[in-house]
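Here is a short, friendly tour of a protein fold for you to read with the model open beside you. We start with one pair of helices and then work outwards.

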Amino acid sequence: ISPIKFLEFAAVGIPGVFQDMAPYATVRHRVDGLKADADAEAWADAIDTLVADDVLRQSLAESARRRLQSEFLLSQHAHRWLDAWE
């Protein structure tokens with residue numbers, strides 16, 4: 001289980017709604033994504049929020065993209081691979 005959905009959405013600039021569960025613990029609610037409980041009403045509310053709030057939608061997408069680039073790209077962590085191999 002991984003946050004791959006978050007990473008894929010961030011890479012293409014799509015703001016996302018993610019289930020509030022362990023794989024998406026890395027997602028910061030209302031900073032780089034929205035989290036929703038497992039029920040349909042929570043998801044509908046989160047999607048409504050994205051649709052209704054242009055500023056939040058753009059902010060989430062931009063924040064997620066910046067975070068992907070600074071924390072998740074191999075280019076930012078290549079030295080750790082070398083350290084592990086050595």
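## Where two helices meet

From α1, the residues Phe6, Leu7, Ala10 and Ala11 make contact with Ala64, Arg65, Arg67, Leu68 and Phe72 of α3. Please keep in mind that this is a predicted model. Helix α1 covers residues 4-12, and its packing angle with α3 is about 115 degrees, the axes being 8 Å apart. That makes α1 roughly perpendicular to α3, because angles of 65 to 115 degrees count as such. The crossing of these two helices, α1 and α3, is left-handed.

Which residues of α1 are buried? They are Phe6, Leu7 and Ala10. These residues sit on the same side of α1, because they cover an arc of only 95 degrees around its axis. They pack against β1 as well as α3. Just after α1 comes Gly13, with a positive phi near 80 degrees.

## Two arginines in α3

Both Arg65 and Arg67 belong to helix α3, and both take part in the contacts with α1. Are they buried or exposed? The table gives the values.

| Residue | Relative accessibility | Class |
|---|---|---|
| Arg65 | 34% | partly exposed |
| Arg67 | 9% | buried |

Arg67 counts as buried because its 9% falls under the 20% cut-off. Leaving aside residues up to four places away in sequence, Arg67 touches Phe6, Thr26, Val27, Arg28, Asp32 and Phe72. Among these partners, Phe6 is one of the buried residues of α1.

Arg65 brings us back to the glycine that follows α1. Arg65 and Gly13 are 52 residues apart along the chain, yet 6.3 Å separates their C-alpha atoms.

## On to the last helix

Phe72 of α3 also appears in a second helix pairing, this time with α4. Here Gln69, Ser70, Glu71 and Phe72 of α3 meet Leu74, Gln76 and His77 of α4. Helix α4 is made up of residues 74-85, and its axis comes within 6 Å of that of α3, crossing at roughly 20 degrees. That angle is under 35 degrees, so α3 counts as roughly parallel to α4.

## Helix α2 and its two faces

Now for α2, which holds the 13 residues 40-52. At 1.5 Å a residue this helix should span 18 Å, and its end C-alpha atoms are indeed 18 Å apart, so the two values agree. Ala42, Ala46 and Leu50 are its buried residues. Viewed down the axis of α2, they fall within an arc of 75 degrees, so they line one face of the helix. Their cover includes β1 (17-19), β2 (34-36) and α3 (54-72).

What does the face of α2 turned away from the buried side carry? That face has the exposed residues Ala40, Glu41, Val51 and Ala52.

## The whole chain

Stepping back, the protein contains four helices and two strands, and from the N terminus the order of elements is α-β-β-α-α-α. Its C-alpha atoms fill a box of roughly 50 × 25 × 15 Å along the principal axes. Of its 86 residues, 28% count as buried. Among contacts with a separation of 6 or more, 43% come from residues 24 or more positions apart.

Conventions:
Residues numbered from 1 in each chain as written. Predicted model: local features only at pLDDT ≥ 70, side-chain atom pairs only at ≥ 80, totals over all residues. Heavy atoms only, no water. Expected span 1.5 Å × (residues − 1). Buried < 20%, exposed > 50% of the residue type's maximum accessible area, 1.4 Å probe, protein only. Arc of directions from axis to C-beta. Contact = heavy atoms within 4.5 Å. Axes fitted to C-alpha atoms, helices over the stretch in contact; angles between N-to-C directions. Parallel < 35°, antiparallel > 145°, perpendicular 65-115°, else oblique. Left-handed = near helix turned anticlockwise from the far one by under 90°.
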